[in-house]
Amino acid sequence: MICSNVYEINRVKRADINYSTESSAEAVKDVTDAKKVGFDAFALNTHDITDSWALNALGYLFDAADQNGFKLFISFDMSWQTITPSKIPPFLLNYISRPSYYAIAGRPLVSTYDGGFISNSDWTSGFRQPLVAKGINPYFVPNLGDWSGWPNNFFSTYTVADGAFSWESAWPAPGTTISNVSDSVDQNLLQQARAAAVSSFQFKYLGSGQDWYRIGEVNLPQRFAQVLALQPDLVELITWNDAGEGHYVGNFFQEQIAGSTIGDYANGFDHTGWQQLVTPFIKAYKGGVATSGGQILPPGSAPVGSLWYRTLLKSASCSSSIQNYQQGQDTANYAVLLPSAGYTIKVYSNSKLIGSFSGSTGLNYGAVPGLSVGSGQYIQVLNSAGAVVASATGTKPVTAQSSNATCNWNYEVVGLS
């Protein structure tokens, strides 16, 4: 596990990145943009360790990270079952000596998505022991949420692990009723594994059972507050660029989604407005003293924050095709960071006021019922004199029915200006 008294370098913020179609220029942009937001590292999620496109992309990213003072580590997607533990050591040896490969106390960090169907003995003999034989002691923090006993007694079963990451903890459990995100799994693991996941929401519309929604109305700010209370040593934001699942906060490029229908629900839906919240959260978390949302402050004297909403009502006839659609709400959602009390936050839909809230220092957020058909989705932040000092206005109207075959529950996200 990562002890609570580790060096500050171990308080790493990471964002998963689907790197399958990176070019050299795109890799540089992703690395430099993520560094500006405040991230320390990308977890490079891959299920392919043989194809040239994957190897080329890895090369581009490691070159960009080496040249720009950024860190990377590899997270192996075991759910595809194309990688076995014994295939990982020879692959890792190509990268762990790079200046940008992230290490904890000199030990290269390695993660996974799934892999709980593989026994502890196979992970030990196939993955850890071959690396140790070469003088390399990996710091293994997998996500083995597919293990049948998860998360109870995880570390007594998987002694190969140095820590554990719970991907599913980033969202409320799927189902037919509305619920808030829970930190129960994190609490279970926190005695030995000090890592936590943060995400905005999840939406996918690809057919063949791949149409689903995971709550996003105020999931992101709720998870911020939970993480600050938990004080884990590693935090992963899901994700930087996964357009397919909707929870991107950074760039995604057209080559990345070519040959799929992802563009039907992702193109034109820029989520970088969430960065106004992410950057101050990272600063508060890495400062090591903030334990509540009220301690997440804007970077200067002006409010910062975001508005987000779905552009299709839950009552649309196509909505029932989406798994967990019952959890969706017709709300205009906001999160605003205020430098002090004395502000008022007003929320509008179809140019009509649907909510007015007195602000407090730090994080303020809400899911405001009343999202309605039409344009005019916006929020305003007013000072104590009643003057508007910041606002965010959506660029897309809300509709009652989908105009095409895509039932688009992606979020329109706009930052304050």
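**Two domains, two cores and a few unusual backbone sites**

N350 lies in the loop between strand 13 (344-349) and strand 14, where strands (E, at least two residues) and helices (H or I, at least four) are DSSP runs numbered from the N terminus. What I am showing is a predicted model, in which local features need pLDDT of at least 70 and side-chain atom pairs count only at pLDDT 80 or more, whereas totals for chains, interfaces and linings use all residues. Residues are numbered from 1 along each chain as its sequence is written, and side-chain values use heavy atoms, with hydrogens and water left out.

To stay with N350, its phi is near 55 degrees, a positive value in a residue other than glycine, and at 28% relative accessibility N350 counts as partly exposed, a class that sits between buried, under 20% relative accessible area, and exposed, over 50% (1.4 Å probe, protein chains only). N153, in the loop between strand 6 and helix 5, also is not a glycine and has a positive phi of about 55 degrees, but N153 is exposed, at 57%. That loop also holds P151, which is joined to W150 by a cis peptide bond with omega about -5 degrees.

Next, the sheet beside N350. Four strands form an open, antiparallel sheet in the order 14-13-16-17, where two strands pair if DSSP finds at least two bridges between them. Strand 14 (352-358) and strand 17 (388-393) each have a single partner strand, so one side of each is left without a neighbour in the sheet. Five bridges join strand 16 (residues 378-382) to strand 17, and the bridge partner of Q380 in strand 17 is S391.

How is the protein divided? There is a domain 1 (2-292) and a domain 2 (304-415), with bounds from an automatic or database domain assignment. In contact, meaning heavy atoms within 4.5 Å, are 35 residues of domain 1 and 34 of domain 2. The area buried between them is about 3100 Å², of which carbon and sulfur atoms give 58%; this is the accessible area (1.4 Å probe) that the two parts lose on being put together, summed over both.

Finally, the largest nonpolar core, that is, buried Ala, Val, Leu, Ile, Met, Phe, Trp, Tyr and Cys residues joined through side-chain atoms within 4.5 Å, has 102 residues, and W123 and F154 are among those touching the most other members. Both domains give residues to this core, so it lies between them.
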